[in-house]
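Here are a few notes to help you find your way around. Have the sequence and the 3D view open as you read.

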Amino acid sequence: MVVVSNVSKGFGGRLLFENVTTSFGPGKRFGLTGPNGAGKTTFMKILIGDIEPDSGTISRPKRLGILRQDHTLYDDMRVIDTVIAGNKRLWDAMTEKDALLAKPEQTEEDGERMGDLECVIAEEDGYTAEPDAAVMLEGLGITQAQQERPMKELQGGFKLRVLLAQALFGTPHALLLDEPTNSLDIESIAWLEEFLLSFNGVLVVISHDRHFLNSVCTHIADIDYQTIIQYTGNYDDMVRAKAQIRSQVESSNTRKMEKIKQLQDFVQKFGAGTRSTQAASRKKEIQRLRPDEIKRSNIARPYIRFDFERSSGRDVLEIRKLSGGYGETRLFSGLNLDITRGDKVAVIGRNGTGKTTLVRTLLKEIPAVQGSIKWGHETNPGYFPQEHEHQIPPGYTVFNWMFEQKPIAGKEGVRQVLGRMLFSGEDGDKPTATLSGGERVRTLLAKLMLLQHNVLILDEPTNHMDLEAISALRDGIEAYQGTCIFVTHDRDLVETVANKIIVVDNGKAEVYTGGYAEYLKGKR
């Protein structure tokens with residue numbers, strides 16, 4: 001069990017949470033939720049022990065499985081060794097044993113120590129450690145050849161998978177995972193869900209994947225109102241319960257205010273007359289009926305709506321026998337697809353299979369290896385790239401940069417769009433150089449809203465977004481009357497919105513018409 005007692009933490013004069021007392025029990029799977037900036041990662045670091053709270057204490061089990069975000073820490077180790085190192089007691093014993101075996105001559109003490117180490121290795125299932133770690137890595141899409149390579153040779157997404165396997169290895173009593181689904185494809189996320197559903201210890205996980213939280217979590221620990229409130233059920237259950245509680249408090253306050261108004265009228269009318277005793281009684285009742293304080297929530301949801309200035313023709317995109325890649329490397333081939341006005345096309349597949357290459361080929365940023373791409377009449381595509389760190393230059397405010405994109409919209413029009421994306425008032429004058437990842441995403445989406453394209457191509461738009469923003473984006477794409485092609489690992493977005501799916505894998509690009517359910521049927 002992980003027990004939190006009277007924990008408070010703030011940064012730069014801003015209080016994140018105050019006097020939090022809660023516990024995370026075994027057999028329960030907690031989603032740690034809250035908007036960007038609420039303090040989720042800070043609280044997770046406190047649970048892990050990486051940072052100390054301003055006040056309060058944490059009690060945690062000895063064996064923790066932790067998802068580390070430092071991707072360079074194990075660069076010189078073999079991938080499979082990195083996983084085994086997740087069981088510290090086992091890894092220390094194996095490392096010491098290897099050092100003793102490497103000695104030219106061994107003393108009697110060395111022999112006795114070797115016996116002790118063998119006992120530790122046996123207790124920790126060390127003799128099956130490599131095959132156990134290999135099975136786990138294969139489930140996360142790490143091939144046998146990759147398992148023998150040093151960590152530094154893996155790309156960022158694959159490094160994250162290895163670090164995830166490290167956290168899961170060695171039957172920890174508690175798992176503390178910060179954004180484990182980042183950079184994982186849909187199949188790997190499904191594997192992780194199944195693994196976590198069978199985990200019997202304490203699980204605390206931060207994720208912006210709504211489908212993942214709904215599938216895995218038995219409880220939600222929500223950071224809001226400068227505290228942490230636990231709810232039974234998954235994420236959707238928490239949203240309903242939270243709204244219901246607030247609605248009940250607001251209704252109760254309304255009734256109290258109506259009653260107080262009646263009592264105040266009585267006091268004003270009879271306070272100095274023969275019924276002054278009754279008036280005094282009414283004053284006391286007014287004090288008793290004081291409305292409950294409703295703290296201001298830090299949850300804010302953007303309003304995402306995409307419009308277009310003019311409609312495209314019915315036939316938006318005709319793709320025939322399309323193949324793409326770089327140089328001699330062919331990432332996909334054989335794509336045939338007709339996209340018509342209003343289609344919502346999801347592009348899914350494992351990392352590194354060519355999803356971004358596909359959308360860039362469709363935009364003709366990369367020449368096709370083979371085949372044809374024909375855009376229809378009056379199409380006006382807007383593009384949200386996956387690598388967008390340099391899309392917004394420094395030296396501007398958010399407002400000035402946005403105004404430069406479309407001066408004809410006028411200052412009022414630009415301010416209106418920014419307000420919908422939570423850049424109201426002074427936030428719109430924030431320097432572009434200081435934008436966080438989530439703010440940068442919201443700014444680029446605001447640009448697409450302002451420019452009013454009739455085709456949207458979005459490459460991993462949900463990265464860096466909190467759950468409220470992702471839900472707003474889903475609603476925005478669903479309501480959009482134009483055509484949208486989007487790359488994503490977010491199953492909730494695919495299930496809710498897509499009517500066609502392109503799966504890029506094993507050098508092919510296959511099309512499934514009818515949405516995610518049809519895709520799953522076709523896979524079987």
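1. First, a term: a nonpolar core here is a set of buried Ala, Val, Leu, Ile, Met, Phe, Trp, Tyr and Cys residues joined through side-chain atoms within 4.5 Å. Keep in mind, too, that this is a predicted model.

2. The largest nonpolar core has 49 residues, and those touching the most other members are L137, V162, L164, L177, L196, L203 and F212. Which helix gives the most to this core? That's α7 (residues 156-168), with 8 residues.

3. Have a look at L164: leaving aside residues up to four places away in sequence, L164 touches L67, L140, L177, P180, L184 and L192. Another core lies apart from this one; it has 44 residues, including V414, L418, V494 and I501.

4. I501 turns up again in a hairpin. Strands β17 (residues 500-505) and β18 (residues 508-513) pair in the antiparallel sense over 6 bridges, and I501 has Y512 in β18 as its bridge partner. There are 2 residues between the strands, and N506 in the turn has a positive phi of about 50°.

5. Now for an open sheet of 3 strands, with antiparallel pairing and the order β2-β1-β4. Because β2 (14-24) and β4 (55-59) each have a single partner strand, they stand at the edges with one side lacking a neighbour in the sheet. On average, neighbouring strands of this sheet are turned by 20° against each other, direction ignored.

6. Within that sheet, β1 (residues 2-11) and β4 run antiparallel and are joined by 4 bridges; S8 stands opposite S55 in β4. Helix α1 (residues 40-48) packs on the sheet and touches β1, β2 and β4, its direction making about 130° with that of β1.

Note on methods. Residues are numbered from 1 along each chain as its sequence is written. This is a predicted model: local features need pLDDT of at least 70, side-chain atom pairs count only at pLDDT 80 or more; totals for chains, interfaces and linings use all residues. Side-chain values use heavy atoms; hydrogens and water are left out. Two strands pair if DSSP finds at least two bridges between them. Axes are lines fitted to C-alpha atoms, for helices over the stretch in contact, and angles run from 0 to 180 degrees between N-to-C directions. Contact means heavy atoms within 4.5 Å. Buried means under 20% relative accessible area, exposed over 50%, partly exposed in between (1.4 Å probe, protein chains only).
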